[in-house]
Amino acid sequence: YYLKKFGISHFEIRGVNDKNVADLSFDEAAAIKELADKNGISVSSVGSPIGKISINDPFEEHLEKLAHVIKLAKILGTDFIRIFSFYIPEGEDAAVYRDEVMRRMKAMCALAEKENVILLHENEKGIYGDIAPRCKDILDTVNSPNMRAVFDPANFVECNQITYPDAYDMLEKYITYMHIKDADGLKKIVPSGYGKGNVKEILQNL
């Protein structure tokens, strides 16, 4: 109702009825797609929690969950799946975990290549790819058209990154998806354009 009221034609699905999108059954996903189709609304991306676990947590079961999410994405009619690059233990040097992060990201991308979907890495506080140089490191190292970037200005602000021009210029060739989200100098989420995320400048350049 509200999407139609405000003229919004697409949404990024993250949860339905207090259930995370990654935990939906195929039948539940099909029912959501049917309802969306009836209302002329499409899914822009699956906002999955894949990669939002500790780098020290087991990986194989998580990779199986990605396979499930890929099937859900196809049912929902989108090629885009939002992912993360694993939480680094607090207070530890992210560089220590680089090799394992890259191993996991490459394994996820191999599955995406096989299934012809695109994984969108989101910069998120506390994960390996929380700052722009490490986001670039991931994308350069994986080096695949099936892994691109979600650019989230507010998350970069939270990590003391200058979103524009610094982070933007570093990641521009990989940016495939944007989160319109802003944060102020106190790292509080504010309406877009009212914070330090330089959302207007980024959109103008995109």
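# Notebook: a helix, a core and the cysteines

I began with helix α2, residues 26–38, and checked its length: at 1.5 Å a residue its 13 residues should span 18 Å, and its end C-alpha atoms are indeed 18 Å apart, which agrees. I kept in mind throughout that this is a predicted model.

**Entry on α2.** Next I asked which residues of α2 are buried. I found A29, I32 and A36, and because they cover an arc of only 60° around the axis, I place them on the same side of α2. I then looked up what this buried side meets, and noted that the buried residues of α2 pack against β1 (10–13), β2 (15–16) and α3 (60–76). Turning to the face directed away from the buried side, I listed D27, L35 and K38 as the exposed residues carried there. Just after α2 I came to G40, which takes a positive phi of about 70°.

**Entry on the core.** I looked for the largest nonpolar core and found that it has 51 residues, with I81, M105, M108, M147 and F151 having the most contacts inside it. I recalled that in soluble globular proteins nonpolar side chains tend to be buried together. I followed F151 further and, leaving aside residues up to four places away in sequence, I recorded that F151 touches N123, F156, T163, A167, Y168, L171, I175, Y177, M178, H179 and I202.

**Entry on the cysteines.** How many disulfides are there? With a cut-off of 2.5 Å between cysteine sulfur atoms, I count zero disulfides. C109 is in no disulfide, and I noted that the nearest cysteine sulfur, that of C135, is 15 Å away. I also noted that C109 has a relative accessible area of 2%, so I enter C109 as buried. For C159 I found the closest cysteine sulfur in C135 as well, at 8.8 Å from the sulfur of C159, which is too far for a bond. Is C159 buried or exposed? I read a relative accessibility of 13%, and therefore C159 counts as buried.

**Entry on A95.** Last, I looked up A95 and found it in the loop between β5 (80–83) and α4 (98–115). Because its relative accessibility is 52%, I enter A95 as exposed; the cut-off for that word is over 50%. I also took one distance from this residue: A95 and N143 are 48 residues apart in sequence, and they lie 19 Å apart in space, C-alpha to C-alpha.

Definitions and conventions: Residues are numbered from 1 along each chain as its sequence is written. This is a predicted model: local features need pLDDT of at least 70, side-chain atom pairs count only at pLDDT 80 or more; totals for chains, interfaces and linings use all residues. Side-chain values use heavy atoms; hydrogens and water are left out. Helices (H or I, at least four residues) and strands (E, at least two) are DSSP runs, numbered from the N terminus. Buried means under 20% relative accessible area, exposed over 50%, partly exposed in between (1.4 Å probe, protein chains only). A nonpolar core is a set of buried Ala, Val, Leu, Ile, Met, Phe, Trp, Tyr and Cys residues joined through side-chain atoms within 4.5 Å. Contact means heavy atoms within 4.5 Å. The expected span of a helix is 1.5 Å times one less than its number of residues. The arc is that of the directions from the helix axis to the C-beta atoms.
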